Amino acid sequence: MSDIGLGHFLIVSTMLFFIGIYGFMTRRNMITMLMSVELILNACNINFIAFNKFLFPNQLDGVFFTLFVIAIAAAEAAVAIAIIINLYRNRKSIDAEDADMMRL
Amino acid sequence: MDMNFFILMKPELLLTGLIFIIMFAKIANLAENNGRFLILVNTLLVLNFVAGFFMNQEGTLFSGMYITSDSMAFEKNILNGGMMLISLMAYDWMMRCKNTPEYYMLLLSAQLGMFFLISSGNFLMFYLAMELATIPLAALSNFDLDRPKSSEAAFKSIMSSAFASAIMLFGLSLMYGTTGTLDFAEMQMLVTGSSLQVLAFIFVFAGIAFKLSLVPFHLWTADVYEGSPVPVTATLAVISKATFIFVFMSTMFTVFANFFMVWDKVVMISIIATITIGNFMAVRQTNLKRVLAFSSIAQMGYLLLGVASTSVQGASSVLYFMLIYVFSSVAIFAVVGLIFYQTGKEDVADLRGFYKNNKLLSWVMAVALFSLAGIPPTAGFFGKYFLLTSGAAKGDYIVLTVAILNMIVSLYYYLRIVKAMFIDKSENDFERISVSPIVTVSIVVCIAGVLLTGMSGEVYEQIKSLFLASN
């Protein structure tokens, strides 16, 4: 077995990224859609850390970026969940298919 | 940390001060009286707008993370002015609202994010500022808490913007992996055009295109515009769009400048798609706000013509058009908001017989719509003309032909609104809309802007000199 290198990390992050996109496109539960977005953000975090560790070990840009992304993701989730709760109060449903008052 | 810091970051520091004043007014229960509070906030916004014209310097801060120049200061003045006009035109609505301090805190935080976004010189700053500019706006879309449409719009807004910024972030991580830096200037040197970088560019472009609602990424726009409260719709359509087009322009000209052969094709295709689909979808709509949403999508396509021309003339025509777009859109949204909040009507067909009792408002709407359509006496004509000539200077005649043919299509749905107001008869009269003095001020400034910017050639020359000076 060879050592775990940059390629392995990139494969994991790419898989996470596409799982996130697939989940966002197919799941109809609002909370699950939010979780899919978090998966994409985590894929980005893995990318940043892996690039930083393997390619540019003498600087910390990627690590810092990851910290900020985690904080922003929390803020985004807080606002999104507040909106979903309000939608639930108005509609009694958190299914994205039911949010169809406005159509093309 | 000397005086230079305060002068360079003046627009952001003033806004931060404003947010703090509003927060303390809320804590000290000074905001109980809605009328007094609104007078205070609007006065502060006017002062903030005026202060934007003094003591502007060029320079960088925080080792290149924050950049400012004369053209950026001008862009921030446009945003300040637009925000002030929207706040004034929303006065009647805000008077009846609860939680006005929260509204302004969220709104001004979003504007702070936009200012940092315009001035960012590093992708970390860029990402943080972009989130600061979008998350509060999504929360604001939900400001009519009891209206189901409002929360649906907010849900669509937060989900699509979270998804878009996640995609963009993936692109940024790949850019970081290929270059090893996040700084715009350093990255520009290291961009080689390898296939991984092309992929990263496509992701970043998709993220910005989402915010600009260019065509494959425009599906959220109409729903969010329809459901949000009208002043928030105006902010999204005018201020947010203006910011992202400025940012798009500056990133394309700096970070991805060496990439020109790639992004030129991408932008050309999205111009054709954006203008055509935006206009043809607008023709189908019956709801006034949705017509305006699709028309704003189409206008973004015209603006991209100026960006794609990569010349000083193109950049200054983008700024000039955006200035006019702010004036005409705010005027339209002011009238739409007055109609919606006093009668509950929001369909184009509902406007029949509007002229009979509301002569001045009909003329305001007509002049502003003519300006968006680009009909000569108004400034919109000159805006479109400069954009098209800058595109012609580059020589993409296919794109230009599509753009010009689409201007004819756009006349159909703009004039349909005018026809409903002036010509169509209806059985029951349209009631008289009452306009308070503060809203009148906002509308008068907008209409004066639409007419006078077109009359004097000074404005365009002034904008052009900003760009010539910084090169």
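**Salt bridges and the chain A/chain B interface**

1. Let's start with Glu431(B), which is partly exposed, with a relative accessible area of 39%. Keep in mind that this is a predicted model. Glu431(B) forms a salt bridge with Lys345(B), and the closest N and O atoms are 3.7 Å apart. The two partners come from distant parts of the chain, 86 residues apart: Lys345(B) is in the loop between helix 15 (312–343) and helix 16 (354–357) of chain B, while Glu431(B) is in the loop between helix 19 (397–422) and helix 20 (437–455) of chain B. Lys345(B) is partly exposed too, at a relative accessible area of 27%.

2. How many salt bridges are there over all chains? The count comes to 15. A pair worth pulling up on screen is Asp223(B) with Lys156(B), where the closest N and O atoms sit 2.9 Å apart. Asp223(B) belongs to helix 11 (residues 219–227) of chain B and Lys156(B) to helix 8 (residues 148–179) of chain B, so this salt bridge ties together parts that are 67 residues apart in sequence.

3. Are the partners in that pair buried or exposed? Asp223(B) is buried, with a relative accessible area of 11%. Lys156(B) has 19% relative accessibility and counts as buried, because the cut-off for buried is under 20%.

4. Another salt bridge joins Asp396(B) and Lys394(B), again with the closest N and O atoms 2.9 Å apart. Here Asp396(B) is partly exposed, with a relative accessible area of 23%. Lys394(B) is partly exposed as well, at 28%.

5. Don't look at Asp223(B) and Lys156(B) on their own, though. Both belong to a network of salt bridges that also takes in Arg91(A), Lys149(B), Glu152(B), Glu226(B), Arg290(B) and Glu346(B). Arg91(A) brings chain A into this network. The side chains of Arg91(A) and Glu152(B) meet in a salt bridge, at 2.8 Å from N to O.

6. On to the interface itself. In contact across it are 45 residues of chain B and 41 residues of chain A. The size of an interface is often given as the accessible area lost when the parts come together. For chain B and chain A the buried area is about 3900 Å², and carbon and sulfur atoms give 77% of that.

7. What about specific pairs across the interface? The rule finds 1 salt bridge between chain B and chain A, along with 9 residue pairs in polar contact. On the side of chain B that touches chain A, the elements giving two or more residues are helix 7 (123–141), helix 8, helix 11 and helix 14 (288–308) of chain B. Helix 8 of chain B gives the most, with 23 residues. Sorted by class, that side of chain B has 27 nonpolar, 9 polar and 9 charged residues.

8. One last spot to check is Asn56(B), in the loop between helix 3 (34–51) and strand 1 (59–61) of chain B. Asn56(B) counts as partly exposed, at 31% relative accessibility. Which residues does Asn56(B) contact, leaving aside neighbours within four places in sequence? They are Lys10(B), Asp70(B) and Ala73(B). As for Ala403(B), that residue is 347 residues from Asn56(B) along the chain, and their C-alpha atoms are separated by 37 Å.

Terms used:
Residues are numbered from 1 along each chain as its sequence is written. Chains are lettered from A and ligands numbered from 1 in the order in which they are written. This is a predicted model: local features need pLDDT of at least 70, side-chain atom pairs count only at pLDDT 80 or more; totals for chains, interfaces and linings use all residues. Side-chain values use heavy atoms; hydrogens and water are left out. A salt bridge is a side-chain nitrogen of Lys or Arg within 4 Å of a carboxyl oxygen of Asp or Glu. Helices (H or I, at least four residues) and strands (E, at least two) are DSSP runs, numbered from the N terminus. Buried means under 20% relative accessible area, exposed over 50%, partly exposed in between (1.4 Å probe, protein chains only). Contact means heavy atoms within 4.5 Å. Buried area is the accessible area (1.4 Å probe) that two parts lose on being put together, summed over both. A polar contact is a pair of N or O atoms within 3.5 Å; within protein, one must be able to donate a hydrogen and the other to accept it, and residues adjacent in sequence count only if both atoms are side-chain atoms. Ala, Val, Leu, Ile, Met, Phe, Trp, Tyr, Cys and Pro count as nonpolar, Asp, Glu, Lys and Arg as charged, and the others, Gly among them, as polar.
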